[in-house]
Amino acid sequence: MAQPSGTGPRPLRVAVVGAGPAGIYAAEALAAQDDVPVAVDLIDRLPTPFGLVRHGIAPDHRKMRALRETLHHTLDHERVRFVGNVEVGLDLSIAELRRHVDAVVYTYGAAGDRALGVPGEELPGSLAATDVVAWYCGHPDADRARVEEAVARARDVVVVGVGNVALDVARVLVRSPAELDPTEMPQHVLDALAAAPVERVTVLGRRGPAQATFTTQELRELGHLADATVLVDPADLTDPGDDALAAGDRHVARNLAVLHEYAAHTAEPGRPVVRLRFHARPVRLLGTDRVTGVEVERTTVDADGRATGTGELDVVPADLVVRSVGYRGHPLPGLPLDGGTVPHRAGRVLREGEISPGEYVAGWIKRGPTGVVGTNKHDARETVASLLADAATERLHTGGDPDDLVRALQARGAQPVLLADWRAIDAAEVALGATRGRDRTTLHERAALLAAVRAAAVPGVALDRGTADSTP
């Protein structure tokens with residue numbers, strides 16, 4: 001690992017596992033301080049950085065996706081080196097990684113989906129929102145065939161959940177081709193959505209509108225769809241406690257105001273409909289060979305915000321059911337996991353209840369899938385403060401293997417993607433988008449991403465952080 005120029009003492013070598021917002025904010029917090037000289041390797045299993053900013057924020061949120069321009073400043077920092085296309089647990093173990101660095105910060109997120117836990121959930125036509133989002137964002141691991149088979153049949157769609165991701169899915173499915181064409185979506189996604197027969201999308205929330213977790217901005221965006229109408233049953237907006245909740249919470253008050261606007265809408269012939277339905281708990285998915293509907297139970301909400309079934313049942317027709325009821329963390333081989341998060345104390349990883357020197361955690365895998373992108377900045381700063389405090393008090397076992405991490409990976413046959421390689425991918429996406437009059441088009445296959453690297457390869461290998469030339 002190269003030492004940043006202008007520093008005297010040997011820098012503290014830190015690996016950050018995960019190059020999404022949490023990882024980049026952790027790298028930024030490390031690189032921006034001068035008390036402890038550092039050299040940071042920002043490792044990601046994909047050849048591309050930015051995590052959910054690239055592969056989770058819906059492509060029609062063009063302003064939100066512009067966050068990556070801000071995040072890119074950290075990738076350019078002389079103390080930071082992007083090392084993509086390297087999967088910890090596959091290309092090298094945690095133990096092997098730790099031999100190359102003094103500390104590891106795990107920020108690999110919580111990309112798994114939560115199940116509904118109802119009969120029929122396994123039927124064809126039942127998908128997780130993570131599957132659909134990965135597909136329309138061009139994630140290399142997306143199950144394209146499975147999602148496109150379901151979307152091609154989807155006249156009636158049910159989305160279960162009332163968070164921002166649920167609204168994203170509903171909105172994307174009813175966007176007109178003219179609205180989606182300028183986005184970064186891969187062409188096959190645009191073609192599939194343009195051909196999809198979607199007429200009705202019903203978004204189900206098991207509790208009342210005051211308990212919905214979507215933001216007002218996301219909710220308002222539904223009202224600006226060019227070719228779809230948003231409907232709300234006025235009866236869903238009559239909970240006796242909502243006025244009191246709105247009086248004490250401006251977020252609730254704003255959401256309720258928008259929902260009351262939508263309650264005045266009426267369906268229009270020939271226009272798709274997005275219906276927001278509350279107090280509706282799915283109890284089973286219907287169908288034999290594939291999904292045909294969702295049996296829904298009416299609920300009431302008690303004073304503590306808990307939903308209770310009333311026994312009143314009805315059926316919502318559905319050719320496609322998308323569950324969006326939360327994310328969960330996956331275990332990384334060799335790292336403890338408890339209930340979907342890594343046990344920790346102020347960001348310090350706990351193994352069997354004791355602090356593990358040199359191991360830290362930040363982001364969703366630390367706190368669970370909560371907050372917005374910016375929440376990760378404060379979260380990462382707390383973790384980095386713990387790491388730097390440990391370095392100052394010599395709690396870290398510094399020294400380790402002097403071999404450079406990238407060279408060691410290359411020696412064992414891995415193909416790490418460095419910053420210049422990512423820039424080649426970025427340029428290839430911009431060039432591909434220009435062929436259709438767009439700012440960019442996402443390259444969705446790992447082979448295509450790596451081909452862009454090879455096409456731009458230049459002689460020589462430089463492994464200095466920040467300004468590294470492309471690897472051969």
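## Packing of α1 and α15

Helices α1 and α15 lie oblique to each other, a term for angles outside the ranges under 35 degrees (roughly parallel), 65 to 115 (roughly perpendicular) and over 145 (roughly antiparallel). In this predicted model, local features need pLDDT of at least 70 and side-chain atom pairs pLDDT 80 or more, while totals for chains, interfaces and linings use all residues. Residues are numbered from 1 along each chain as its sequence is written, and side-chain values use heavy atoms, without hydrogens and water.

Helix α1 (residues 21-32) packs against helix α15 (residues 375-392) at about 45 degrees, and their axes are 8 Å apart. Helices are DSSP runs of H or I with at least four residues, and strands are E runs of at least two, numbered from the N terminus. The crossing of α1 and α15 is right-handed.

On the α1 side, the contact includes Tyr-25 and Glu-28; on the α15 side, Arg-381 and Leu-388 are among the residues met. Contact means heavy atoms within 4.5 Å. The residues of this contact comprise 10 nonpolar, one polar and three charged.

## The six-stranded sheet

Six strands form an open sheet with parallel pairing, in the order β6-β14-β7-β8-β10-β9; pairing requires at least two DSSP bridges. At the edges are β6 (126-128) and β9 (229-232), each paired on one side only. Neighbouring strands are turned by 20 degrees against each other on average, direction ignored.

Four bridges join β9 to β10 (residues 273-277) in the parallel sense, with Val-232 opposite Leu-276 in β10. Helix α6 (residues 129-137) packs on the sheet and touches β6 and β14 (320-323).

Technical notes
Axes fitted to C-alpha atoms, helices over the stretch in contact; angles between N-to-C directions. Left-handed = near helix turned anticlockwise from the far one by under 90°. Nonpolar A, V, L, I, M, F, W, Y, C, P; charged D, E, K, R; others polar.
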